[in-house]
Amino acid sequence: MKRRQWGILIALVLLNYIIFSIAFTQLDKQRNPPLASLRTPMPTFDSVEQNPLAWIVLPTCTLLPSRTPVVATATETMVASVEITPTVALATETPVPTATPTPATVQHEVQAGETLGEIAKLYSVTVQAIVTANNLPDPDEISVGQVLIIPLSGAAPETATAQPTSIPPTNTPTKPPTHTPTPTRTPTPTNTPVPDQFTGTLVWDPLVAPNCAGPAISNQSIIRDAGGNPVNGVQVEVTCYDNVWLTHPSGTPGEYEPGHYDFSPGQTEPQAWTCTARVFDVNGQPVASSEIVTIVFDTNECTPGGTGHQVAILNWTKHW
């Protein structure tokens, strides 16, 4: 073969190779499509502020779920004796309708420098009552000029009992004294208010509550009975927002003086907290009822001589 013919033959072979290579490549792509990307997109996060509270449980308290105290009630049955004279008929009684009292409230405009604790002291109510009446999301955030509804405790008058109204007697025939009946009637029993078994007294002593200390209850706090004697074995429940603790029993030998107790969540820096406290049990036995005391730890003017207070003295009295 001539050189030219060989050149044409080689060109045809190369052309066929290129055509078949392209055809096989396309066929392979159709049989094996490209895999989707396996890369996981980066998640997005919302910015969340760090919680400035670092809860540290000290040995003086034990974390415990909250418990509803048992409230004791007492009833009293009275038997009244009514004597009918021979010449006068028994007077009929018509009950006088009573009016249902409505709670009294006042409005208070927040002034510059006022805190919710100071407003509560001004009207002798609890901070929680003001928070509930105004649906405040944060008791520490009130603004100057804000109008607050203050539910006055003890403002509603007591419900008056029905007073019988007598109808003038009518003349009736005289009956012999030997036939005079002496009926008796039993009125509807009424619930007698029972005082709380334990009531608390909150004291802010400037020598005990330095302005810039961490919130706590001082070990100068004491629990006494009605006669002034110390009561040992009493545990106090302290609730700060969603955290509930039980203190060590009062008067624990080697730890407290008779009747004394204390509480500290472990905070050393001042914190503007609102906590509540109540007596939980005595020597492991649940109490009948206990007053709930609100403690407002204040960081206002946290400087020497400021109005803020952080360490409270909370005394309790056992009435029965």
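Buried, as the word is used here, means that a residue has under 20% relative accessible area, while exposed means over 50% and partly exposed covers the range in between. The exercises below apply this to a predicted model.

**Exercise 1. Describe the overall make-up of the protein chain, including what share of its residues is buried.**

Begin with the secondary structure, where the protein chain has 3 helices and 18 strands. Turn next to burial: of the 320 residues in the protein chain, 29% are buried. The surface that the protein chain exposes comes to about 21,800 Å², and carbon and sulfur atoms supply 59% of this area. Finally, consider how the contacts are spread along the sequence: among those between residues at least 6 apart, 75% join residues at least 24 apart.

**Exercise 2. Determine how helix 2 and helix 3 are arranged, and which residues meet between them.**

Take the axes as the starting point: those of helix 2 (residues 116-123) and helix 3 (residues 127-134) come within 9 Å and cross at roughly 105°. Helix 2 is therefore roughly perpendicular to helix 3, because angles of 65 to 115 degrees are counted in that class. The next step is to list the residues that meet, which are Leu116, Gly117, Ile119 and Ala120 on the side of helix 2 and Val127, Ile130 and Val131 on the side of helix 3.

Proline 139 can then be added to this picture, since it lies in the loop between helix 3 and strand 6 (147-151) and counts as buried at 16% relative accessibility. Leaving aside neighbours within four places in sequence, proline 139 is in contact with Leu116, Val127, Val131 and Thr274. Its C-alpha atom is separated by 8.4 Å from that of glutamine 128, which is 11 residues away along the chain.

**Exercise 3. Place valine 236 in its surroundings, and decide whether it is buried or exposed.**

Valine 236 is found in strand 13 (residues 234-240). With a relative accessible area of 0%, valine 236 falls below the limit for burial and is therefore buried. Its contacts, apart from neighbours within four places in sequence, are with Ile223, Trp245, Leu246, Thr247, Tyr261, Ala277, Arg278, Val279, Phe280 and Trp316. For one of these residues a distance can be given: the C-alpha atoms of valine 236 and phenylalanine 280 are separated by 5.3 Å, although the two are 44 residues apart along the chain.

**Exercise 4. Identify the side chains that meet in a salt bridge, and state where they lie.**

The count comes to 1 salt bridge, and it is formed by the side chains of arginine 278 and glutamate 237, with an N to O distance of 2.9 Å. The pair links distant parts of the chain, given that arginine 278 is in strand 15 and glutamate 237 in strand 13, 41 residues apart. As to accessibility, both arginine 278 and glutamate 237 are buried.

**Exercise 5. Compare the settings of two residues other than glycine that have a positive phi, tyrosine 241 and asparagine 283.**

The background is that most residues other than glycine have a negative phi. For tyrosine 241, phi is near 60°, and for asparagine 283 phi is near 50°. Tyrosine 241 has its place in the loop between strand 13 and strand 14 (243-247), whereas asparagine 283 is in the loop between strand 15 (274-282) and strand 16 (285-286). Tyrosine 241 counts as partly exposed at 40% relative accessibility, while asparagine 283, with a relative accessible area of 59%, is exposed.

**Exercise 6. Find the long-range neighbours of glycine 200, and then examine the setting of tryptophan 6.**

Glycine 200 is placed in strand 10 (residues 198-203), where its relative accessibility of 18% makes it count as buried. Leaving aside neighbours within four places in sequence, glycine 200 is in contact with Glu291, Val293, Asn315 and Trp316. Measuring C-alpha to C-alpha in the model, glycine 200 and isoleucine 292 are 7.7 Å apart in space and 92 residues apart in sequence.

Tryptophan 6, by contrast, lies in helix 1 (residues 3-31) and is partly exposed, with a relative accessible area of 44%. Together with Leu9 and Val13, Trp6 makes a nonpolar surface patch of about 290 Å².

Note on methods:
Residues are numbered from 1 along each chain as its sequence is written. This is a predicted model: local features need pLDDT of at least 70, side-chain atom pairs count only at pLDDT 80 or more; totals for chains, interfaces and linings use all residues. Side-chain values use heavy atoms; hydrogens and water are left out. Patches are made of residues with over 30% relative accessible area and no salt bridge: like charges are joined within 9 Å, nonpolar side chains (Val, Leu, Ile, Met, Phe, Trp, Tyr) within 5 Å. Accessible areas come from the Shrake-Rupley method with a 1.4 Å probe; for residues, only the protein chains shown count as cover. A salt bridge is a side-chain nitrogen of Lys or Arg within 4 Å of a carboxyl oxygen of Asp or Glu. Helices (H or I, at least four residues) and strands (E, at least two) are DSSP runs, numbered from the N terminus. Buried means under 20% relative accessible area, exposed over 50%, partly exposed in between (1.4 Å probe, protein chains only). Axes are lines fitted to C-alpha atoms, for helices over the stretch in contact, and angles run from 0 to 180 degrees between N-to-C directions. Angles under 35 degrees count as roughly parallel, over 145 as roughly antiparallel, 65 to 115 as roughly perpendicular and the rest as oblique. Contact means heavy atoms within 4.5 Å.
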